[in-house]
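Thanks for coming, everyone. I'll put a structure up and walk through it quickly. Please have the viewer open.

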Amino acid sequence: METLKTAKITKHSFLEGGGEMGELIRQFDWRLTTMRPPENWPQSLRTSVNIMLNSRFPMFIWWGSDMNMLYNDGYRAIIGDKHPKSLAQPGKVIWSEIWDEIGPLSDSVMIEGKSTWAEDQLLYINRRGYTEESYFTFSYSPIQTELGTIGGVFCAVTETTEKVLAAKRLAKSESNLRNMIMQSPVAMCILKGPQFVVEISNEKMIEIFGRTEADVMATPLFEGLPEAKEQGLEALLHKAYSTGERFVANERLINLPRNGKVQPTFINFVYEPLKELDSTISGIMAVAIDVTEQVYARQRIEEVVTERTRELGEANKKLQQNNNELKQFAYIASHDLQEPVRKVLTYAEMLEKSVGQVDDKSQKYLNKISSSSRRMLALIRDVLTFSQLSHEREEFHQVDLMSLLESIKSDFELLIEEKNASIICTSLPVISAIPLQMSQLFSNLLSNALKFTRKEVVPEIRISSSLLSKEEAKKYLQLNPSVSYYNIEFTDNGIGFNQQNAQQIFDIFQRLHSQSEYHGTGIGLAICKKIALNHKGNISAKSSLNSGATFNIFLPVEQPSRVS
């Protein structure tokens, strides 16, 4: 900062006050300028300086042919780093970067004596070490001397940079908003003021209105679109406008013009209040989507689903009735069939006793009658058992599978001794089950293992259990991963079977061997499958020929409906 030249201070009433600039002007050595000391200044300059110094509004004076500058405290912010060295300096030196713009204006004042005025004038000034975009509103007025000549220029100025840039930003924002609305893939419009004048609207919103652009643009909404009146929209808009609260509607029924007549439409829309910088609400931005087709399509689907559900319910009811009738028939038929078979078996035994000794051929026939009758009786009993498995009236209880196995082993005691079989079981859990069905399951599996043994191989049956992890349960599509299961495993060293028949063996009346090879009805494993399913579990088998078989029974620790 340059040191201002000072002189002996002479008091002049027109230089009194003025803050910092008043003090600087009083101390400045004006003898070194073409302006000469203040006591020699003309009265018009003195008056102008006094007005300038005692005003808080930014002002400056250019005086003389050199346009020497005087300015007040209010102008310091405008001149920036050029202060205080600008005092008494020529204007074209101080503002060399903009003199091409402002010099001609000051010259016209000095030459013609006419005032000039500029509003929001763009000037690229350097007042802080860099060039910046600035805007000013100012007036240049002539200062006449006592001789009637123009001695200088008086300027009142205000910087409008912030106002202009804010207006530009606002204009840019409004332009962006307009572009966003016009290019939006959904219907949008701006409703201005409490009358909701349609200020901006894209084509999609015009389509939703069902009117032409000329009908609605620059017009209060309900004047341009009278069909929308008295449907509750006025109250919704007024509430959003007065409270500043957003309103959202989904599938609202609104009657709007379509193809020359008013029709019901379904609209999703949002009313978003538009707030100005001072937080006042100036309007509403409306965003809308016509979902009429989707609503009607969904309603048609719902009608179809309702009808199909009703039909399915009737079909299920009829199926349940047929199943009940079939179960009842199987149960009654099995009971009724047992009596004649028992009579055939009884009469065959009575015939054999009454005739006494018979020849070999006749004895063979009698044996066939007896064995066939017994097989038929076993088949009827198995069918009866299978039909009874679907009865839902049986209750679940805690079943100790280890105790159950010991009881079943005692039932097979003679057969186990006859085959010299060994049954190895470490421990089995206690589960929630139907006791009788668990007994049938274990009995059938044990009977199966004792039946399909290999000659000259001592039968060995291993029974074990383990808790199935949820990750392992996911491997089985029939199991619910959220339920805990026990895996009960029956493994034997019998004749086994081909793995490709692993599913077939659980079908009713399916046999892999002839009756002459291994007796049976072909229902035992089907009963096991039915029991596992009744308990919300499952059963699977794996084997290879002459390598034994393994049956895995998956049973819930607690029945899903009973899990707390």
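I'll go through confidence, then the sheets, then the empty spaces, then two backbone details.

Start with confidence. This is a predicted model. The mean pLDDT of the protein chain is 86. Of its residues, 85% reach 70 or more. Where does pLDDT stay under 50? Over residues 1-9. For that stretch the model has 20 contacts beyond four places in sequence.

Now the sheet that holds strand 1. It is an open sheet of 5 strands. The order is 2-1-5-4-3, and the pairing is antiparallel. Which strands sit at the edges? Strand 2, residues 68-71, and strand 3, residues 116-126. Each of them pairs on one side only. Neighbouring strands here are turned by 30 degrees against each other on average, ignoring direction.

Look inside that sheet. Strand 1 covers residues 59-63, and strand 5 covers residues 150-159. They run antiparallel, and 5 bridges join them. Pick out Trp62: opposite Trp62, in strand 5, stands Val153.

Next, the sheet that holds strand 10. Again we have 5 strands in an open sheet. The order reads 7-6-10-9-8, with antiparallel pairing. Strand 7 and strand 8 are the edges, and each has a single partner strand, so one side of each has no neighbour in the sheet. From one strand to the next, the twist averages 35 degrees.

Take the pair formed by strand 9 and strand 10. It is antiparallel and spans 9 bridges. One point to click on is Phe269, whose bridge partner in strand 10 is Ala288.

What lies across this sheet's strands? Helix 10 does: it lies across strand 6, strand 8, strand 9 and strand 10. Helix 10 runs at about 135 degrees to strand 10.

On to the empty spaces. Rolling a probe the size of a water molecule over the atoms shows where empty space is left. How many cavities of 30 Å³ or more are there? The count comes to 3.

The largest cavity has a volume of about 220 Å³. It is lined by 18 residues. Nearest its centre lie Met205, Phe209, Leu233, Ile254 and Tyr271. Several elements give two or more residues to this lining. Among them are helix 7, residues 203-209, and helix 9, residues 221-224. Helix 10, residues 233-243, is also one of them, and so is strand 8, residues 247-258. Strand 6, strand 9 and strand 10 contribute as well. What about the chemistry of the lining? It has 18 nonpolar residues, no polar and no charged.

The second largest cavity has a volume of about 140 Å³. Its lining has 14 residues. Phe60, Tyr75, Ile98, Leu123 and Val157 are the ones nearest the centre. Which elements supply at least two lining residues each? Strand 1, strand 3, strand 4 and strand 5. Strand 4 gives the most, with 3 residues. By class, the lining has 14 nonpolar residues, no polar and no charged.

Now an open space: the second largest pocket. About 460 Å³ of space lies in it. It has 18 lining residues, and the closest to its centre are Leu170, Ser173, Glu174, Leu177 and Glu276. Five elements' names to note here, each giving two or more residues: helix 6 (161-183), strand 6 (187-192), strand 7 (197-201), strand 9 (261-275) and strand 10 (281-290). Which gives the most? Helix 6, with 8 residues. This pocket's lining has 9 nonpolar, 2 polar and 7 charged residues.

Last, two backbone details for anyone setting up a calculation.

First, the peptide bond joining His83 and Pro84 is cis. Its omega is about 5 degrees. Where is Pro84? In the loop between helix 3, residues 76-79, and helix 4, residues 91-94.

Second, Arg36. Its phi is near 65 degrees, a positive value in a residue other than glycine. Arg36 also sits in a loop, the one between helix 1, residues 19-27, and helix 2, residues 43-53.

That's the tour. Over to you.

Technical notes: Residues numbered from 1 in each chain as written. Predicted model: local features only at pLDDT ≥ 70, side-chain atom pairs only at ≥ 80, totals over all residues. Heavy atoms only, no water. pLDDT = per-residue confidence, 0-100. Contact = heavy atoms within 4.5 Å. Pairing = 2+ DSSP bridges. Helix = DSSP H or I, 4+ residues; strand = E, 2+ residues; numbered from the N terminus. Axes fitted to C-alpha atoms, helices over the stretch in contact; angles between N-to-C directions. 1 Å grid on protein atoms, 1.4 Å probe; cavity = no way out; pocket = protein on both sides within 12 Å on 5 of 7 lines; lining within 4 Å. Points joined across faces, edges and corners; volume = space filled by probe spheres on them. Nonpolar A, V, L, I, M, F, W, Y, C, P; charged D, E, K, R; others polar.
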